[in-house]
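Please examine the sequence and the three-dimensional model shown below. The explanation that follows treats the enclosed space first and then turns to the open pocket and the ligand.

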Amino acid sequence: MSSRTAGLSDTISAIATAPGSAGVGIVRISGPQALQVADAVFVGRRKPSSAAGGRFLYGQFVAGGEVLDDGLCLVFRGPHSYTGEDVAELQSHGSPAVLAALLASTLVAGARLARAGEFTLRAYLAGRLDLTQAEAVMNLVQAHTDTGRRQATLGLSGALGERIAGIAADLTRTLAALVAMLDYPEEGVPEEERIQPLERAHHNLQALLATARAGMVASRGARLALLGKPNAGKSSLLNALLGYERSIVTPIAGTTRDYLEAQLELAGVPITLVDTAGLRDTSDHIEAQGVKQALHLAQNADLVLTLEDGHLPREPLDLPAGIPTLRLQTKSDLGTVWHDPEVLPVSAATGEGLPQLRERIAAVLLGNVARGEAWLTTERQADAVRRASTHVSAALSLPDDLAAFELEQALHILSELTGRDVKEDVLDAVFSNFCVGK
Ligand SMILES: Nc1nc2c(ncn2[C@@H]2O[C@H](COP(=O)(O)OP(=O)(O)O)[C@@H](O)[C@H]2O)c(=O)[nH]1
Ligand SMILES: [Mg+2]
């Protein structure tokens with residue numbers, strides 16, 4: 001048995017709220033002994049273990065005879081809880097010291113410290129969530145924008161699972177028809193049973209796959225690198241997009257030698273803008289490091305903005321190939337000495353071209369996927385849909401017996417995607433990205 005599902009019959013405990021000081025903090029306990037552990041650390045008019053599910057009790061948290069704080073104990077009895085098990089939530093003041101002491105006393109009382117994502121893993125194992133919903137929980141916890149939140153909520157509602165189930169149903173229909181034909185060739189299966197569902201599944205898989213970039217960018221954000229020669233106006237553009245002076249701007253070439261990052265939101269996507277050292281051959285050792293770093297940063301960006309000064313003669317920029325790029329002509333307020341319809345004129349000084357730039361960035365990052373539908377939001381999901389789609393494409397052009405085999409493969413991948421037929425290493429990959437306490 002893997003480490004992930006080992007020992008799920010024990011009782012776990014963790015601080016469920018974020019580190020730091022806050023009005024309220026929560027220690028969550030789940031498992032067969034959850035209410036007994038709560039009994040040991042909570043003293044009120046009623047014991048948690050004798051309270052009905054759905055009740056909250058007022059009292060004091062105690063450890064070794066000492067009162068830590070007063071607060072609430074919420075009692076959930078399985079299966080009517082997040083994890084499907086008995087759960088107690090201890091709400092104290094949101095003090096790091098109180099929460100640490102409270103957590104420690106639940107461990108002394110017999111709970112074990114929860115691993116990352118273990119509460120949600122238990123909810124999944126109890127059949128309360130499928131895997132795409134579990135991933136949506138993680139995305140929701142981490143959502144920083146409306147788009148990210150909306151997609152996570154859609155995923156959590158099961159909308160993504162339903163889209164996938166619809167595709168699986170079409171594949172199952174085709175597979176049944178193919179098997180029937182192979183077994184009883186004289187019977188004959190109508191085309192609409194065989195080809196139409198397969199083509200529809202193929203189309204729907206492609207449509208789903210087309211949402212992956214937008215979904216991943218909306219949930220985890222995107223990195224945008226600004227690249228260009230010294231003095232092209234990279235730092236000025238960064239400041240203009242941010243609306244405040246983050247990066248130092250001077251007429252001296254080579255001002256930015258290190259790189260710096262700043263956060264902003266654009267079309268509902270959390271963006272990390274990266275300002276880099278200007279690309280040029282230089283004998284300055286530090287600047288040369290910066291140039292190397294700039295190319296490396298560009299390679300790891302979701303999108304590169306290349307900047308070329310519009311009022312100076314154009315010099316070619318040597319860029320590594322294969323990176324999605326938007327090309328900009330800077331300082332448009334100074335007049336332009338070259339013209340290229342592929343390149344967007346912008347001015348950090350006057351703001352000209354910035355609305356168009358924001359629109360183009362959003363178009364590249366989000367594409368034109370339908371907003372109200374559930375998107376793929378993780379690399380795991382995109383990878384599964386990509387693989388399933390390859391098998392379905394193959395099935396479209398193969399004889400019936402081989403097509404049936406391809407469809408079985410595709411169905412297996414889809415069931416792994418929603419988590420009905422899942423291996424331990426997949427669970428590990430999904431839940432290791434969670435925070436402890438969720
Ligand atoms: N007129 C004008 N000057 C600009 C603009 N953007 C940058 N500059 C000037 O160009 C010089 C280099 O700018 P900077 O942002 O430091 O370029 P970097 O080396 O690419 O980061 C500075 O003197 C800026 O004031 C612009 O849009 N219009
Ligand atoms: Mg600079």
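**Cavity, pocket and ligand**

The lining of the largest cavity consists of Thr 132, Ala 136, Asn 139, Gln 151, Ala 152, Gly 155, Leu 160, Trp 375, Thr 377 and Gln 381. The model is a predicted one, and the structure contains one cavity of 30 Å³ or more. The volume of the largest cavity is about 40 Å³. Two helices, H4 (131-142) and H5 (146-156), each contribute at least two residues to the lining of this cavity. In terms of residue class, six of the lining residues are polar and four are nonpolar, while no charged residue takes part.

The description now moves from the cavity to the largest pocket. A volume of about 370 Å³ is computed for the largest pocket. Its lining comprises 25 residues, and those nearest the centre of the pocket are Asn 231, Ala 232, Gly 233, Lys 234 and Ser 236. Helix H9 (residues 234-242) provides four residues, the largest share of the lining of the largest pocket. Sorted by class, the lining of this pocket holds 12 polar, 10 nonpolar and three charged residues.

What sits in the largest pocket? The occupant is ligand 1. Around ligand 1 there are 17 residues, of which Asn 231, Lys 234, Ser 236, Asp 333 and Ala 348 are the closest. Asn 231, Lys 234 and Ser 236 are also among the residues that lie nearest the centre of the largest pocket. The shell around ligand 1 is made up of seven nonpolar, six polar and four charged residues.

Individual polar contacts can be followed from the protein to oxygen atoms of the ligand. Ala 348 takes part through its backbone: a polar backbone atom of this residue is 2.8 Å from an oxygen atom of ligand 1. Two serine residues take part through their side chains. For Ser 235, a polar side-chain atom lies 2.9 Å from an oxygen atom of ligand 1. For Ser 347, the distance from a polar side-chain atom to an oxygen atom of ligand 1 is 3.4 Å. On its own, ligand 1 has 570 Å² of accessible area, and the protein covers 83% of this area.

Taken together, the region around the ligand can be read in two steps. The largest pocket, with helix H9 as the source of the largest share of its lining, is the site in which ligand 1 sits. Within that site, oxygen atoms of ligand 1 are approached by the side chain of Ser 235, the side chain of Ser 347 and the backbone of Ala 348.

Key
Residues are numbered from 1 along each chain as its sequence is written. Chains are lettered from A and ligands numbered from 1 in the order in which they are written. This is a predicted model: local features need pLDDT of at least 70, side-chain atom pairs count only at pLDDT 80 or more; totals for chains, interfaces and linings use all residues. Side-chain values use heavy atoms; hydrogens and water are left out. A residue is near a molecule or strand if one of its heavy atoms lies within 4 Å of it. A polar contact is a pair of N or O atoms within 3.5 Å; within protein, one must be able to donate a hydrogen and the other to accept it, and residues adjacent in sequence count only if both atoms are side-chain atoms. Accessible areas come from the Shrake-Rupley method with a 1.4 Å probe; for residues, only the protein chains shown count as cover. On a 1 Å grid over the protein atoms alone, a cavity is a set of points where a 1.4 Å probe fits but cannot get out, and a pocket is an open set with protein on both sides within 12 Å along at least five of seven lines; lining residues have an atom within 4 Å of a point. A molecule sits in a cavity or pocket if more than half of its atoms lie within 2 Å of its grid points. Ala, Val, Leu, Ile, Met, Phe, Trp, Tyr, Cys and Pro count as nonpolar, Asp, Glu, Lys and Arg as charged, and the others, Gly among them, as polar. Grid points are joined across faces, edges and corners, and a volume is the space filled by probe spheres set on the points.
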